[in-house]
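Work through the exercises below with the sequence and the 3D view side by side, and try each task before reading its solution.

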Amino acid sequence: MLETDGIPPRLTNQECEELLCQQYYSRGELQQEVDVLLLKVNKRWHQLYFENGVVFWRLQDEEPKAIEAQPSDPFSYPLIDIGEKYSLRQSTIGDCVTEPLLNGARVSFVFENRGTLIISHNDNKTSLRFIKNL
């Protein structure tokens, strides 16, 4: 059963202003490809993340900043600009679909004339996949 905590933003037919992905590394090894997805729409930042199969949506008051890691820190949380990587900035989000998976959930963002960004959370691992339109 799909469980959502927080109120999902209205994304359909909205322009994606920015799209960032915070990753999580432990001792140099990637633990979560998508620890938090950060999406800016209508001049407001939204967070999407998952925990134990639950989809969380949060409004973020400030622009995201990378967490500065010291060389001795075992953890790091780099920010990846996937809006730039997949040319999604200033693209229209045609649809946002949340679906249950057997051991998790999936959120798909359909970008008009670009493709679909799929964030899958399964067995407490979260991954990202972009399928470009042909």
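The exercises that follow concern a predicted model, and they go from the whole chain to single residues.

**Exercise 1. The chain as a whole**

Task: State how many helices and strands the chain has, and give the order in which they come.

Solution: Begin by counting the elements, which gives one helix and twelve strands. Then read from the N terminus, where the order of the elements is β-β-β-β-β-β-β-β-α-β-β-β-β.

**Exercise 2. Size and surface**

Task: Decide whether the radius of gyration of the chain agrees or disagrees with that of a compact globule, and describe the extent and the surface of the chain.

Solution: The first step is the expected value, and for 134 residues a compact globule would have a radius of gyration near 14 Å. The second step is the value for the chain, which is 15 Å and therefore agrees with that expectation. For the extent, take the principal axes, along which the C-alpha atoms fill a box of roughly 45 × 35 × 35 Å. For the surface, the accessible area comes to about 8,200 Å², and 44% of this belongs to carbon and sulfur atoms. Turning to burial, 39% of the 134 residues count as buried. As for contacts between residues at least 6 apart in sequence, 49% of them join residues at least 24 apart. Finally, the chain carries 14 positive and 20 negative charges, and the mean positions of the two sets are 4 Å apart.

**Exercise 3. Two residues with positive phi**

Task: Find where lysine 43 and glutamine 90 lie, and give the phi and the accessibility of each.

Solution: Start with lysine 43, which lies in the loop between β4 (29-41) and β5 (44-51). Although lysine 43 is not a glycine, its phi is positive, at about 65°. Its relative accessible area is 72%, and because exposed means over 50%, lysine 43 is exposed. Go on to glutamine 90, which is placed in the loop between α1 (82-85) and β9 (91-101). Here too a residue other than glycine has a positive phi, near 65°. The relative accessibility of glutamine 90 is 49%, so this residue counts as partly exposed.

**Exercise 4. A buried leucine and a buried glutamine**

Task: Which residues do leucine 37 and glutamine 60 touch, leaving aside neighbours within four places in sequence?

Solution: First locate leucine 37, which belongs to strand β4 and, at 1% relative accessibility, counts as buried. Its contacts are Leu19, Leu20, His46, Gln47, Leu48, Ile82, Phe109 and Ile119. A distance can be added, as leucine 37 and tryptophan 57 are 20 residues apart in sequence, with 9.7 Å between their C-alpha atoms. Next take glutamine 60, found in strand β6 (residues 54-60). Its relative accessibility is 17%, and since buried means under 20%, glutamine 60 counts as buried. Glutamine 60 touches Leu38, Trp45 and Gln47, and with the side chain of glutamine 47 its own side chain makes a polar contact of 2.6 Å.

**Exercise 5. Two residues of strand β11**

Task: Say whether threonine 116 and histidine 121 are buried or exposed, and list their contacts beyond four places in sequence.

Solution: Threonine 116 is placed in strand β11 (residues 115-122), and at 19% relative accessibility it counts as buried. The residues it touches are Ser108, Phe109, Val110, Arg129, Phe130 and Ile131. Histidine 121 also has its place in strand β11 and is buried, with a relative accessible area of 2%. Its contacts are Phe50, Glu51, Asn52, Gly53, Leu101, Asn103, Gly104, Ala105 and Thr126. One of these partners deserves a further step, for the side chains of histidine 121 and threonine 126 make a polar contact of 2.8 Å. Another is glutamate 51, which is 70 residues away along the chain while the C-alpha atoms are separated by 8.5 Å.

**Exercise 6. Threonine 92**

Task: Describe the position and the surroundings of threonine 92.

Solution: Threonine 92 lies in strand β9 and, with 28% relative accessibility, counts as partly exposed. Beyond four places in sequence, it is in contact with Asn13, Gln14, Glu15, Val110, Phe111 and Glu112. To finish, compare sequence and space for threonine 92 and glutamate 17, which are 75 residues apart along the chain and have their C-alpha atoms separated by 9.2 Å.

Key
Residues are numbered from 1 along each chain as its sequence is written. This is a predicted model: local features need pLDDT of at least 70, side-chain atom pairs count only at pLDDT 80 or more; totals for chains, interfaces and linings use all residues. Side-chain values use heavy atoms; hydrogens and water are left out. Helices (H or I, at least four residues) and strands (E, at least two) are DSSP runs, numbered from the N terminus. The radius of gyration is taken over C-alpha atoms; the globule rule is 2.2 Å times the number of residues to the power 0.38. Buried means under 20% relative accessible area, exposed over 50%, partly exposed in between (1.4 Å probe, protein chains only). Contact means heavy atoms within 4.5 Å. Accessible areas come from the Shrake-Rupley method with a 1.4 Å probe; for residues, only the protein chains shown count as cover. Lys and Arg count as positive and Asp and Glu as negative; His and the chain ends are not counted. The place of a charge is taken as NZ of Lys, CZ of Arg, CG of Asp or CD of Glu. A polar contact is a pair of N or O atoms within 3.5 Å; within protein, one must be able to donate a hydrogen and the other to accept it, and residues adjacent in sequence count only if both atoms are side-chain atoms.
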